[in-house]
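Welcome, and please load the model in your viewer with a cartoon view to begin. We will go from selection to selection and look at what is there.

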Amino acid sequence: MKLNTITRTGSVAASMALLLGLGLSACGSEDTASGSDAGSSTSESSEAAPEEDMEAGAQTFGEGCKLIPADGAGSFNGMSTAPVASAASANPLLKTLVSAVGQAELVDTLNSADALTVFAPTDDAFAKIPKADLDAVLADKETLTKVLTHHVVAGQLGPDEVAGEHETLAGDMITVEGSDEEFTVGKENAKVLCGNIPTANATVYVVDTVLMP
């Protein structure tokens, strides 16, 4: 009787040891699997990172884009992080426009807007206007404001939606014609030199002619 009791006790102990060993083994497998999943997740995150860091100028187009600085505040990446008036102020192609926006006291208006599309004339575009005429417009705040706001429409319009007739912030209409990467703007047929430039609150199309209301 005593021997049987000892034998049964030994069998129970052996069974418990076996079950405990299996349990620990299972836990170890789960931990390993979990660690493997975590490693896989980390790897996938690392692979996805380059897409998130895509260059801001990747979707721009036009022969004039090569004139945009490669780095710094005036580059595509630099402009993409600033509101539109501030972004333009860092771009060497838009000095006259930036000066005019400042004289018209429109910096805060443009920077605080939720979403805009801006047709931005280059310095060479302003240089096409006879100096006496340009000086007269710059000296007349009301006229200057109307001219500048004629270059701005509500909403951020991509290349697939910019063609058509749009109401400007001046309250009049402007027509964009073309498709793909070839667009002209207004009755002046201003050519888009570099389009679809992102800023923090606007999409910019750099044009070669000043648009008149």
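Start by selecting strand S3 (164-167) and strand S4 (residues 173-179), which pair in the antiparallel sense over four bridges. Keep in mind as you look that this is a predicted model. Show the backbone and pick Gly164: its bridge partner in S4 is Val176. Then pick Glu165, which has Thr175 of S4 standing opposite. Now follow the chain through the hairpin that joins S3 and S4, where five residues lie between the strands. Stop at Gly171, which takes a positive phi near 95 degrees.

Next, add strand S5 (residues 182-185) to the selection. S4 and S5 run antiparallel, and four bridges join them. Glu177 is a good residue to pick here, with Thr184 in S5 opposite. These two strands also form a hairpin, this one with two residues between them. In its turn, Asp180 has a positive phi of about 55 degrees.

Zoom out to the whole sheet. In what order do the seven strands of the open sheet stand? Reading across, you will meet S2-S1-S7-S6-S5-S4-S3, with mixed pairing. At the edges stand strand S2 (152-154) and your starting strand, S3; each has a single partner strand, so one side of each is left without a neighbour in the sheet. Turn the view to follow the twist, which averages 30 degrees from one strand to the next.

Now for the rings. Under a cut-off of 6.5 Å between ring centres, the count comes to three aromatic pairs. Select Phe61 and Phe183 for one tilted pair, with 5.9 Å centre to centre and 50 degrees between the planes. This pair links distant parts of the chain, 122 residues apart: Phe61 is in the loop between helix H1 (2-52) and helix H2 (76-80), while Phe183 sits in S5. Are these two residues buried or exposed? Both Phe61 and Phe183 are buried. Add Phe119 and Tyr205 to the selection, and you have the cluster that ring pairs build together with Phe61 and Phe183.

For the last stop, select helix H4 (residues 95-103) and helix H8 (residues 141-149). Their axes come within 9 Å and cross at roughly 130 degrees, and H4 and H8 are therefore oblique to each other. The crossing is left-handed. Show side chains to see which residues meet: Leu97, Ala100, Val101 and Gln103 from H4, with Lys141, Leu144 and Leu148 from H8.

Conventions: Residues numbered from 1 in each chain as written. Predicted model: local features only at pLDDT ≥ 70, side-chain atom pairs only at ≥ 80, totals over all residues. Heavy atoms only, no water. Phe/Tyr/Trp six-rings, centres within 6.5 Å; stacked < 30°, edge-to-face > 60°. Buried < 20%, exposed > 50% of the residue type's maximum accessible area, 1.4 Å probe, protein only. Pairing = 2+ DSSP bridges. Axes fitted to C-alpha atoms, helices over the stretch in contact; angles between N-to-C directions. Parallel < 35°, antiparallel > 145°, perpendicular 65-115°, else oblique. Left-handed = near helix turned anticlockwise from the far one by under 90°. Contact = heavy atoms within 4.5 Å.
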